[in-house]
Structures are given as structure tokens and as C-alpha cells.
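Biologist: Hello! I am new to this structure, so could you pick a single part, give me a close look at it, and then place it in its surroundings?

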Amino acid sequence: MIRLQNIEKVYRTDTIETLALNSISLDVDKGEFLSIMGPSGCGKSTLLNIMGLLDAPSKGDVRIGDQATLNLSDKQLAHFRNKKLGFIFQSYHLINDLQVLDNVELPLLYRNTTAKERKQLATEALEKVGLSNRIKHFPTQLSGGQRQRVAIARAIVGRPEIILADEPTGNLDSAMGSEIMEILIQLNKVDKTTIVMVTHDENMANKTHRLVRLFDGAQVQ
Amino acid sequence: MYRHLFKLIWNKRKQNFLLMSEMLVSFLVLFAVFTLLVYYYQNYKKPMGFEYKNVWLVNYSNGDKIHNGDSLKLFYETLKREIRAMPEVKDISLSSSNVPLTQSMIQNGFFYKGKETNNVNTYQVDDSYENVLQMKMLEGRWFNKTDAVTNTVPIVINSSLKEEVFGKEQVVGKIIGDDKAKKQIIGVVADTKFKGDYEASGMASFSRIDSSSIHWMGKMLIRVTADAGPAFEGRLYKKIAGYIENSNVEIEHLINKRKSINYFALVPMIVLSIVSCFLIINVALGLFGVLWYNINRRRGEIGLRRAIGATGRSVASQLVIETMILATFSLIIGAFFAVQFPLLNVFDLSTGVYMTALVLSIIFIYLLVLVCAFYPGRQAAAIYPAVALHEE
Ligand SMILES: Nc1ncnc2c1ncn2[C@@H]1O[C@H](COP(=O)(O)OP(=O)(O)OP(=O)(O)O)[C@@H](O)[C@H]1O
Ligand SMILES: [Mg+2]
């Protein structure tokens, strides 16, 4: 499903050069639930961003499905992300000025959909994460766990084949974290969604199919 | 997408309120300035309606001290004959104090069929006045000697007054006024911008100086030849000063009077324009700053939108369109206030002036907002999604 070949990522600023990723090759199969672990600063987010086409590698090749991504335009990339990928972030990244339902509808705004379809799909997605009773709330009126569930609903509303989650439970206590983890596992099991998740939590990682460990930008396991 | 933007704007109404009031205030100021500018410009485009070059204005006092009505008339006839005899003089006319290109005004009501029209400038002048100022007759004729013996008092009106009171009707020969003072219109003269290039001519009616108003005369208008110079001015001065005893005589040139009365209109216009320029610059900077600030505050949102499928361009246009929608709301509110001016006829300006000013200020505000939103929008488009998401 995702094929990374010899990925290298160098961040250059005026004074320093950081080698964030060093020659990473990784295959993620369709329907797989993969977790990535490693100490802070080892390049986990960088790797996830490259998989999510949010960032381009300095070297190497990213294929998603049967699509080579190297020469895609900004517009094609945006379209591809919209159709195939769903993102979940540690800090939720909800738009605080929009109600829960509108936040979940967001990805559909960048496709051809009617308002009715959007509302229907978003409501369904919210049902899946167990938040259908909070659709008129604003994000600031929700708990952290609830916010992350909104973010998951937003990630799945467009029925993407792949979900990329960067420390989705990082800001939550372990009970909340387990709840979120359960939702992801169900998504993977029932909807056969491919999931790549960055985590600091061994317990979470153990619930996934496979674990990749990074150290200093290189894959160690 | 528009629904989405409206929701976003509505939910942020508190933050947007300030921005909108800023746009509203600048719109109203612009509207005021443009109204004035359009009004002045429209007047400026109209013909002067009279010739002020080579016309001199003589101010004098004590003209009536020693004479009674009939001998005063004779006294003036003699004076005018003597002045007219000077080779540099083409023609001369006495005038009531509201001579062209001065601030002096005399206004009266104009009665026709029991209806009064107010703010009509009334001028008491000689038969030669039209020739001195080279005014243009549109209908009928100007006064002449035969008018001295008619029963009804003859008057000449200008085309603004004609249009206001009679519209397209034929007016020469019409009897106007109330029962006490009936008058007959004998001619229509083209509008004259007696208050300078930038002011409207207004409505005017002219009548001959009669035996009672002759006591109030204190001005003469003299059309001179192009080569009349200071030497002649000296002789003219001596002649008049010698003829009217104990009089303060002053000679001015209408060409200079025009300059000073134009300043009178231009100075407030320039001051207002400068003030509004500063205001607009201020608003532009404020707008730019707010939008810039917005984009930085909303970097997370921008990154997120990019991640879930927005292109750089659509993010940029979203920000610009959002601002334009805010501007539209402000302009709708502003236009509501602006149209009250013609509706309530606050300043007696034509609806066309207001509408032109309205359109101009709307265009100006839109351009201003577009320019101010464009650059921050482009900056937003250039944000890397990974970087923007990373920052929060
Ligand atoms: N935009 C950037 N510019 C320069 N250097 C960067 C940038 N983003 C990340 N880096 C560097 O790349 C390295 C990897 O960063 P990354 O965010 O991928 O780490 P991480 O494994 O996700 O860490 P954490 O667990 O703390 O989230 C770090 O050394 C970081 O300093
Ligand atoms: Mg990270």
C-alpha cells in the first residue's frame, strides 16, 4: 500500500543541517496496522509527513497504492491527500470556530459533494466514534478525548484507504487513550483501513500488527 | 464553500466586528469625500455662463447720501455716460451687492401659482448687465428701455429656476408673483456660476433696478478693453471718487475674484482629501495588519486544510474571499446609511452625485480590501503544511 524507498530527509537552515531521516525503506501492506516508535526527535513525525505527502523527501521515492508521487503538482497532491489519506494529530488540529459537525465535514468541502451528503457522511462518522450527541458543540466545549474522537471522525469521513496518526493518544490519559486505540483497531478490522501510527506507548504499539523502531533517523527494527 | 465561509465568519463575529467597523467607517468617510469631489467636478465641468475676464468691479459707498430717487437716477446716468465715454470702457452696469465671484448673497422666495420656491438668488441690475457679463439668453430677451414703461415688472430667470418651477413649459410671457407684486417673465438666461468654478449656479432671477432699490446700489461692473491697464485704473478711480463725494472707492478685477472664491472651495476640499488619505492609509495598514495577524494565528488551520485536501491557491482565495465577504457586509450597512442622504435630501445635492459617490466608494473599498488581502493570502498559500502543522 505504501512503499518508501531509500528515503532521506535533510532540514537545512542558515546555520545547521539536520539529517532527520537516513535511508529509510519501508513497505506497509494493505490493511496493515503499523506502529512507529522511537525517542523524541528521531524523525517519526517527519517520516509520517512524508508518507502523507505533506512534505517531500530530500532523496528517495514514495509510492502510495500504485501511484508514484514524485512529480505530482500541488493540485494533484491536494486531491490525492483528500481522496486517499486521513490524518490524526496529537494536538487534534480542530478549527475552534467551527462546530463539531462542520469540523468533520471539512475534507468533503474539497470534493464535489452536496451539503446534504456532507451532513449525512459526517453524522455517520460521528456515530462511529460515539459522538453523535455533540454535533453542535464547539471544540473548546469538549474534553481532550472527545476532541480526538472528532479528529478521527474527520479523518474517516472521506473513507480514506490510509490513516496516518501522529501520537493520537499523546495528550490523553490512559483510559481515554485506550478508547481512541479501540476505535482505531475497529477501523482497521471492520473497514480494512491501513493505519500507520506514531506512539510513545509500548502497550498501544503492542496492539498493532507490526512495530517499527526509529533511532536518529534510521530504522533499527 | 460559501456556506462554510459564512458559518466561519458568523462564528467569529466578535473578532470580525472590529474589522467590519473599520471598513464601515472608512467607507462613510470616503463616501463624504467622494460626494464632495463629484459635486465639485460636476460643477467644474459646466460652463461658467458669463465672461469674467476684463470685467472690473467698482465698490463705492455713500452713493445715495445727497440725492432723492429721481435725481439719483439722473446722477447715475451722468456718471455712467461719463465712464462709458472713456475709450477703455466697453460697457458698465450697476448691480446689487451680490456681484459675481463674491460671497455676497441675496435670496428670496419665488411665487408661482401660490407655490413658493425658496433659495432663489435675486439680482437688481441695469439693462447693460447682460452685455457687461456676456451672458447667454436662451429664450426671450434681456431688459431694455421699453421695460421702463410697462405695467408689470419684467424679470429674467435662469434655466435652473425655470427647470425647477416650470419644467419643460414655455415661460416667456408668464405672470408670476403674488397679488401684491405681479411680475412678467421676459427671458431665460443660461446658468451662471457666480460662486466660482466649483459651486453650482443655483436658481436666479434678475430684475431692473427701480426707484427704490437704486438707493441700495454700491457696486458697478465695468467691461474694459483687453489693454486697459493701471494707468486707466487710476483715471477711472479719480473719476468715480471725484464724482461721488466722501466715497470709499475700490476697484477689483473679477479675474482675481474668481481665484480667491475658487480657493474658498478648494481649500476645504484639499484638507478633507488629505485627512481622508491619512485615514485610508491608516485603515489599509490596519487591515493589512489584521489579515497578516489572522494568517499567522491561523497557520494551524491553514496547515490542516492543506493536509485534508486544500491546494495552496484555494487556501489563499479562501482568505481573500472571507475578507471580501466581510467588506460586503460593511458596505451593505454603509450603503444603507449613504442612501439616506438622497432620500432625506439632506444637503440639497442631486441623487446622481450621491449615487456616483456611492459607487466610487464601494469600488475603492473593494480594491483596498483586495490589495490588503492579496499579499497575506499569497503568504498563506506558500506555507508548507508539514511546517504549519508542526508548530502547534
Ligand atoms: N521544519 C524543520 N526544520 C528543521 N529541522 C526540523 C524541522 N522539523 C523537524 N526537524 C528536525 O528533524 C528531526 C526529527 O524531527 P521529528 O519532528 O520528525 O521528530 P519526532 O520523532 O516526531 O519527535 P517527537 O517524538 O518529539 O515528536 C529533529 O531533530 C528536528 O529537530
Ligand atoms: Mg513528532
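**A close look at chain A and its surroundings**

Modeller: Happy to! Let us take chain A, whose accessible surface comes to about 10000 Å², with 46% of that area belonging to carbon and sulfur atoms. Please keep in mind that this is a predicted model.

Start with the overall build. Chain A is made up of seven helices and 10 strands. Its C-alpha atoms fit a box of roughly 45 × 40 × 35 Å along the principal axes. A compact globule of 221 residues would have a radius of gyration near 17 Å, and chain A, at 17 Å, agrees with this. Of those 221 residues, 52% are buried. If you count the contacts with a separation of 6 or more, 72% of them in chain A join residues 24 or more positions apart. As for charge, there are 27 positive and 26 negative side chains in chain A, and 5 Å separates the centres of the two sets.

A record adds a label here. UniProt, in an unreviewed entry, lists residues 2–220 of chain A as "domain: ABC transporter". In the model, that span is 36% helix and 26% strand, and its end C-alpha atoms lie 19 Å apart.

Now zoom in on helix H3 of chain A, residues 100–109. Here 10 of the 10 residues are buried, so the helix is largely enclosed by the rest of the structure. Reading along it, you will meet A:Val100, A:Leu101, A:Asp102, A:Asn103 and A:Val104, and further on A:Glu105, A:Leu106, A:Pro107, A:Leu108 and A:Leu109, each of them buried. What do these buried residues pack against? Within chain A, they meet helix H2 (74–84), helix H4 (115–128) and helix H5 (144–156). From chain B come helix H1 (2–11) and helix H8 (299–307), so H3 of chain A is a good place to see both chains together.

For a contrasting spot in chain A, find A:Asn6, which sits in strand E1 (residues 2–12). With a relative accessibility of 48%, A:Asn6 is partly exposed; that class runs from 20% to 50%. Beyond its neighbours within four places in sequence, A:Asn6 is in contact with A:Ser23, A:Ile24, A:Ser25, A:Lys59 and A:Gly60. A:Ala78 makes a handy landmark for distance: A:Asn6 and A:Ala78 are 72 residues apart in sequence, and their C-alpha atoms are 24 Å apart in space.

Next, the surroundings. Chain B has 12 helices and 11 strands. Its radius of gyration is 31 Å, well over the 21 Å that the globule rule gives for 392 residues, so chain B is more spread out than a compact globule. Along the principal axes, the C-alpha atoms of chain B occupy a box of roughly 100 × 50 × 30 Å. Even so, 47% of its 392 residues are buried. Among contacts in chain B with a separation of 6 or more, 81% are between residues 24 or more positions apart. The accessible surface of chain B is about 19900 Å², and carbon and sulfur atoms hold 60% of it. Its 43 positive and 33 negative charges have mean positions 10 Å apart.

UniProt has labels for chain B as well. An unreviewed entry gives "transmembrane region" for residues 21–41, 263–294, 315–341 and 353–375. One of these, residues 21–41 of chain B, is 100% helix in the model, with end C-alpha atoms 29 Å apart. Residues 353–375 of chain B are also 100% helix, and their end C-alpha atoms are 34 Å apart. Again from an unreviewed entry, "domain: ABC3 transporter permease C-terminal" is listed for residues 274–385 of chain B. That span is 87% helix and 0% strand, with 43 Å between its end C-alpha atoms.

Two backbone details in chain B round off the tour. Most residues other than glycine have a negative phi. B:Leu101, however, has a positive phi near 65°. You will find B:Leu101 in the loop between strand E2 (89–95) and strand E3 (107–112) of chain B, and its relative accessibility of 1% makes it buried. B:Asn119 has a positive phi too, about 60°. B:Asn119 belongs to strand E4 (residues 115–125) of chain B and is partly exposed, at a relative accessible area of 46%.

How values were computed
Residues are numbered from 1 along each chain as its sequence is written. Chains are lettered from A and ligands numbered from 1 in the order in which they are written. This is a predicted model: local features need pLDDT of at least 70, side-chain atom pairs count only at pLDDT 80 or more; totals for chains, interfaces and linings use all residues. Side-chain values use heavy atoms; hydrogens and water are left out. Helices (H or I, at least four residues) and strands (E, at least two) are DSSP runs, numbered from the N terminus. The radius of gyration is taken over C-alpha atoms; the globule rule is 2.2 Å times the number of residues to the power 0.38. Buried means under 20% relative accessible area, exposed over 50%, partly exposed in between (1.4 Å probe, protein chains only). Contact means heavy atoms within 4.5 Å. Accessible areas come from the Shrake-Rupley method with a 1.4 Å probe; for residues, only the protein chains shown count as cover. Lys and Arg count as positive and Asp and Glu as negative; His and the chain ends are not counted. The place of a charge is taken as NZ of Lys, CZ of Arg, CG of Asp or CD of Glu. UniProt positions are given in the numbering used here, feature names are shortened, and annotations may be inferred rather than shown by experiment.
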